[in-house]
Amino acid sequence: MTFPQWLSIATLAGMMALFLWGRFRYDVTAVIALLAALAIGIVKPADAFKGFADDIVIIVGSALVISAAVQRSGAIEIALGFVSRRVKSVRSQLLVLIASVGVSSALVKNVGALAMLMPAAFQMAKKNDTNPSVFLMPMSFASLLGGLMTLVGTSPNIIVSRVREEMTGKPFAMFDYFPTGFGLLVVGLVFLRFGYRLLPRDRRAAPTMGEALNISGYVTEASVSESSPAIGETIAEFTERHDNQVTVMSLLRGDVHGTVHPTVHLREEDVLILSGEPDALERVIAGDRLALTGEGKAMGQGHEDDEIGVIEAVVTTNSALIGRTAGRLSLRERFGVNLIAVSRAGEHLTRKIGQIVLQAGDVVVIQGPVALLPDRLSQLGALPLAAREMRLGKSKRGWLPILILAVAMIATATGIVPVAVAFFAAAGLVVITGALPVGEAYEAVEWPILIMLAALIPVSESLQTTGASDVIATSLAHAAAMLPPWGAVALILVAAMAVTPFLNNAATVLVMAPIAAVFAHDLGYRPEAFLIATAMGAGCDFLTPIGHQCNTLVFGPGGYRFSDYARLGAPLSLLVVLVGTPLILWTWPIH
């Protein structure tokens, strides 16, 4: 090998060592690798930053924004909740969850699909008095398998599509991955349905600050709209349909308090005083299309276009709120904020929100322009509580994000526009239409992932520009010369699976895809099967919590240990190799 080839391989080896060491975060490690490649001359200064303009970065970033919009809409969670009420056993609920996250991962990026459905897993676990750990790791593995089915399900698929386009002039289409990905998903679902027993039953996450606060008895006020499915139901039927997670504390019909009797039928424009946990209240209000009192009217003059948010706060002993009601204080008119929920320890509140006389120690949920909330809390003498996600009072756009995503997928599948353009446009539309506030859109983008991708693209390309990938691929080809075709494909699949736990899955493909392409050429085979094998292997890290964001996402909430992943993941990895190899060869002939 030439000296530049040795330098290129040494740079990647050093990068892998840094990933293993874990001293620096993966994006910092990628930047170090890029700086080193520039310093030793294997990457030219003119090519150093071209990764930031690469379509991959645009597609991955846009997919994360779209996923956040779909997650915020609550549409998938509502649909899953409808099913879960009819499925009672833990094993059946597990199957519903893993199938739902698997299918959803084909539509949105797998980490976004997993984040969308994790709240449903916690709800089911709580109702069954089961550890969420029973559901979370199987859901993570199902999301990885589901992401294999489409171009946008996972980053490796996007990257190998670009490699194929560079080699043959034709990228992989949206659903070219479907036959192999769907086959692996079905096999994986069957395995996870029974194999979840391999997980220890005593795993439990440490209590969060939100759980430590133990604030659950919030009271809020909502009216029954003309399109609500609650119309005509009795109060008993209403609460039973929502699994008794909320209680109707009072009913107001006109100016008269209605009797809170289980047999009373709900009518349009009835005002309900509801009590329950914030998430339960949010699900009932969103699912039954109830109108939260004052929602959308919490903006002061000059702040009509500001992003609206909610914050949880406690009324202090010197607060201006003590002894007064929200109506008397004219919170909306004077302060530009809205009181949407109140919790008082040891007391059941039955009055309208605007008529509750507040006391020191009350916990309130305030809605208003995000930029104004800290200042308004200070003026009112209320202290914000430890941060926890509060969805109550956040506006939604229902099925609009899913409609936008569907149009984008159809546009790319039919070849009307390139993938990057379609998904960038979709991400822009969910922000423009208000389906996702600008602030949340920026928060949804995993900037470290994008920085890593942009920095590694020129570094990985140095393997090709120096010819090092040809040398490595030729060495592998010599080792595989005596293997049958299925053995050669399996070799690439196993190699990608082995490298992924030590690198990020996207980084694995950036390194392995060019090698796999040259490997196929040296053996006289078509490259598609080997590129698909690379993407499948890189997308299937079931052995560690660090190889993929999905595994990392459930690590803490599930209370897992590092070794727990291999207990369930090792047999699943073996299944992927045994089933995936013939599926790849059947779908993508190598001759």
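## Questions at the structure

Visitor: Which residues of β4 point one way, and which the other way?
Guide: All of them are buried, meaning under 20% relative accessible area (exposed is over 50%, partly exposed in between, with a 1.4 Å probe and protein chains only). Strands (E, at least two residues) and helices (H or I, at least four) are DSSP runs numbered from the N terminus. One way from β4 point Val271, Ile273 and Ser275, and the other way Leu272, Leu274 and Gly276.

Visitor: What kind of model is this, and how many helices and strands are in the chain?
Guide: Happy to set the scene: it is a predicted model, in which local features need pLDDT of at least 70 and side-chain atom pairs count only at pLDDT 80 or more, while totals for chains, interfaces and linings use all residues. Residues are numbered from 1 along each chain as its sequence is written, and side-chain values use heavy atoms, leaving out hydrogens and water. The chain holds 25 helices and 9 strands.

Visitor: Why is strand β4 largely enclosed, and which residue of β4 stands opposite both tyrosine 218 and valine 246?
Guide: 6 of the 6 residues of β4 (271-276) are buried, so the rest of the structure largely encloses this strand. β1 (218-224) runs antiparallel to β4, with 6 bridges joining them, and β2 (246-253) is also antiparallel to β4, again with 6 bridges; strands pair if DSSP finds at least two bridges between them. Tyrosine 218 and valine 246 each face a residue in β4, and in both cases that residue is glycine 276.

Visitor: How far apart are the closest N and O atoms in the salt bridge of arginine 253 and aspartate 270?
Guide: A salt bridge puts a side-chain nitrogen of Lys or Arg within 4 Å of a carboxyl oxygen of Asp or Glu. Arginine 253 is partly exposed at 26% relative accessibility, whereas aspartate 270 is buried at 1%. For this pair, the closest N and O atoms are apart by 2.7 Å.

Visitor: What parts of the chain does that pair tie together, and how many residues apart are they in sequence?
Guide: Arginine 253 belongs to strand β2. Aspartate 270 sits in the loop between β3 (256-258) and β4, so the pair ties together parts whose separation in sequence is 17 residues.

Visitor: Which residues form a network through salt bridges that share partners?
Guide: A search of the whole structure finds 9 salt bridges. In one of them, arginine 162 and glutamate 166 meet at 3.7 Å, N to O; being 4 residues apart in helix α8, they are separated by about one helical turn. Arginine 162 is buried at 16%, and glutamate 166 is partly exposed at 49%. The residues joined into one network are Asp54, Arg162 and Glu166.

Visitor: Which residue meets glutamate 528 in a salt bridge?
Guide: The two side chains come to 3.3 Å, N to O. The pair links distant parts of the chain, helix α23 and helix α8, 364 residues apart. Both partners are buried, and the one that meets glutamate 528 is arginine 164.

Visitor: Which helices do the buried residues of α23 pack against?
Guide: 11 of the 11 residues of α23 (528-538) are buried, so the helix is largely enclosed by the rest of the structure. Those residues, including Phe530 and Met536, pack against α8, α9, α21, α22 and α25.

Visitor: Which helix gives the most to the largest nonpolar core?
Guide: A nonpolar core is a set of buried Ala, Val, Leu, Ile, Met, Phe, Trp, Tyr and Cys residues joined through side-chain atoms within 4.5 Å. The largest has 132 residues, and Phe135, Met139, Phe423, Leu453 and Phe530 have the most contacts inside it. With 12 residues, the helix giving the most is α22.

Visitor: What does leucine 453 touch?
Guide: Contact means heavy atoms within 4.5 Å. Residues up to four places away in sequence are not counted, and leucine 453 then touches Ile56, Val57, Val60, Ile159, Ala506 and Leu510.
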